Amino acid sequence: MAAPYKGFPDLPGASDPGEVAETLLHHFFPAKPLPPPLLRLTGHEDYTPLTPDELSRALAKSSNTSAPGPDQIPYSVWKSVHRLKPSIHPFLLDPLLAHGFQPPSLKKALGIVLHKPSQPSYNSPSSFRVIVPLRTLSKILERVVTSRLLAWATPCTLIHHLQCGSLPRRSTPDAALVLQHNVESFHCLRYKVSTLFLDVKGGFDNVESPPLLSLVPRKGVSPYLVQWVGSFLRDRTCHLTFQGSPRTFAPISLRVPQGSPISPLLFVIYVSSLHLEVPRSLIISYVDDFAVTVASPSYRTNIRLLQEAFSSLKRKASPINISFSVLKTELIHWRTARSNEALCSLPVQLDDQLFYPQSHFKW
């Protein structure tokens with residue numbers, strides 16, 4: 001029977017709320033490499049001032065039911081302000097974006113500590129989880145930057161064309177239809193087709209600032225956006241809240257923050273290089289879910305090709321701190337509706353583990 005939760009984390013070696021907060025901060029936000037030093041911008045010729053219409057579109061995507069950050073200002077307040085005086089938001093936010101600067105005051109966050117239900121005990125940080133509401137004013141600017149960065153995505157090839165998630169006009173049905181089309185196309189050529197489904201371990205938590213900030217400027221993105229992203233990713237502070245917690249903000253090492261409107265876009269930019277070009281194969285991704293499809297005259301050859309593709313992905317992913325959750329791996333050998341042959345049962349071996357094919361599963 002699970003021990004009852006007392007409402008206060010009882011962690012070994014932590015005798016008061018301050019020590020509990022420090023232990024939890026170290027667990028949930030471990031130290032990471034510092035991002036590169038920021039450039040100094042005094043403005044840039046490519047910069048276009050913010051307009052009330054841009055802010056209106058950003059606010060329209062913001063839900064009034066979203067939890068506010070430490071300032072406790074909900075989106076409904078900012079929407080009312082914008083409706084009454086549309087020039088206020090550009091006046092507040094335009095200088096920040098023009099100079100590529102996200103001030104520390106907008107990077108303060110609450111870390112609400114919640115216990116995981118049905119745990120054997122609550123004397124370990126892993127028995128808890130933290131949700132981090134961000135300041136709503138910051139998230140409004142993040143939505144604007146997301147829209148502007150998306151405008152650079154296609155001409156600058158920031159995002160691979162087979163990435164289907166967290167992007168406008170690229171949805172779940174798009175990913176499924178691309179996969180179906182390619183499987184059927186390979187079948188028309190009389191090939192055997194197999195797909196390996198992979199899940200990126202940790203997702204957003206793996207994004208390292210130095211590789212991301214070296215990738216974006218190489219693609220030709222305007223310097224003010226590069227500068228703002230660099231400022232956005234550094235110098236964050238968090239106030240953990242639990243019963244008896246100290247009301248102080250502590251510096252944290254945080255990669256791409258969960259809950260930020262721009263985080264999914266930064267992640268798909270970060271992993272765009274994992275779409276390897278391999279003959280008679282296809283790599284589709286939906287944010288952090290990758291599907292590797294191969295085709296050949298036999299399923300046995302497909303197994304070899306999938307194992308080689310997985311090894312290549314691991315080599316490509318390692319320098320950018322990306323790894324795959326092998327336990328979440330799924331394999332399927334496709335057949336046509338009219339096929340009379342028996343279902344192939346050949347497994348794929350990844351990291352010394354065998355994964356047998358499934359007849360169906362949820363992707």
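## A salt bridge across the chain

Let's start with a pair worth finding in the viewer: D199 and K328 form a salt bridge, and their closest N and O atoms are 3.9 Å apart. D199 sits in strand β3 (residues 192-199), while K328 belongs to the loop between α10 (299-317) and β8 (330-334), so this contact ties together parts of the protein that are 129 residues apart in sequence. Please keep in mind that this is a predicted model.

How do the two partners differ in burial, buried or exposed? D199 is buried, because its relative accessible area of 13% falls under the 20% cut-off. K328 is exposed, since its relative accessible area of 53% is over the 50% mark.

## The protein as a whole

Stepping back, the fold is made of 10 helices and 10 strands. Its C-alpha atoms fill a box of roughly 65 × 60 × 35 Å along the principal axes. The protein has 363 residues, and 47% of them count as buried. If you take the contacts between residues at least 6 apart in sequence, 73% of these join residues at least 24 apart.

On the outside, the accessible surface comes to about 18400 Å², and carbon and sulfur atoms account for 56% of that area. As for charge, there are 37 positive and 25 negative side chains, with the centres of the two sets 3 Å apart.

## Two more salt bridges

How many salt bridges does a search of the whole structure find? The search finds seven. One of them joins the side chains of R135 and D71, at 3.3 Å from N to O. This pair also links distant parts of the chain: R135 is in the loop between β2 (128-131) and α5 (136-153), D71 is in the loop between α2 (52-60) and α3 (75-84), and the two are 64 residues apart. R135 counts as buried, with 14% relative accessibility, whereas D71 counts as partly exposed at 26%.

Another salt bridge brings together the side chains of R304 and E308, with an N to O distance of 3.2 Å. Here both residues lie in helix α10, four residues apart, which is about one turn of the helix. Both partners are partly exposed: R304 has a relative accessibility of 42%, and E308 has a relative accessible area of 41%.

## A nonpolar patch on the surface

For a look at the nonpolar side of the surface, turn to I88, F91 and L92. These residues form a nonpolar patch with about 300 Å² of accessible area together. L92 is found in helix α4 (residues 88-98). At 39% relative accessibility, L92 counts as partly exposed, and patches are built from residues over 30%.

## Backbone angles to check

Most residues other than glycine have a negative phi. Two residues in this model are worth a look with that in mind. Q72, which is not a glycine, has a positive phi of about 60 degrees. Q72 is placed in the loop between α2 and α3, and D71 of the salt bridge with R135 is in that loop as well.

Where does D352 lie? D352 is in the loop between β9 (348-350) and β10 (353-355). The phi of D352 is positive too, at about 65 degrees, although D352 is not a glycine. With 73% relative accessibility, D352 counts as exposed.

Note on methods. Residues are numbered from 1 along each chain as its sequence is written. This is a predicted model: local features need pLDDT of at least 70, side-chain atom pairs count only at pLDDT 80 or more; totals for chains, interfaces and linings use all residues. Side-chain values use heavy atoms; hydrogens and water are left out. Buried means under 20% relative accessible area, exposed over 50%, partly exposed in between (1.4 Å probe, protein chains only). Contact means heavy atoms within 4.5 Å. Accessible areas come from the Shrake-Rupley method with a 1.4 Å probe; for residues, only the protein chains shown count as cover. Lys and Arg count as positive and Asp and Glu as negative; His and the chain ends are not counted. The place of a charge is taken as NZ of Lys, CZ of Arg, CG of Asp or CD of Glu. A salt bridge is a side-chain nitrogen of Lys or Arg within 4 Å of a carboxyl oxygen of Asp or Glu. Patches are made of residues with over 30% relative accessible area and no salt bridge: like charges are joined within 9 Å, nonpolar side chains (Val, Leu, Ile, Met, Phe, Trp, Tyr) within 5 Å.
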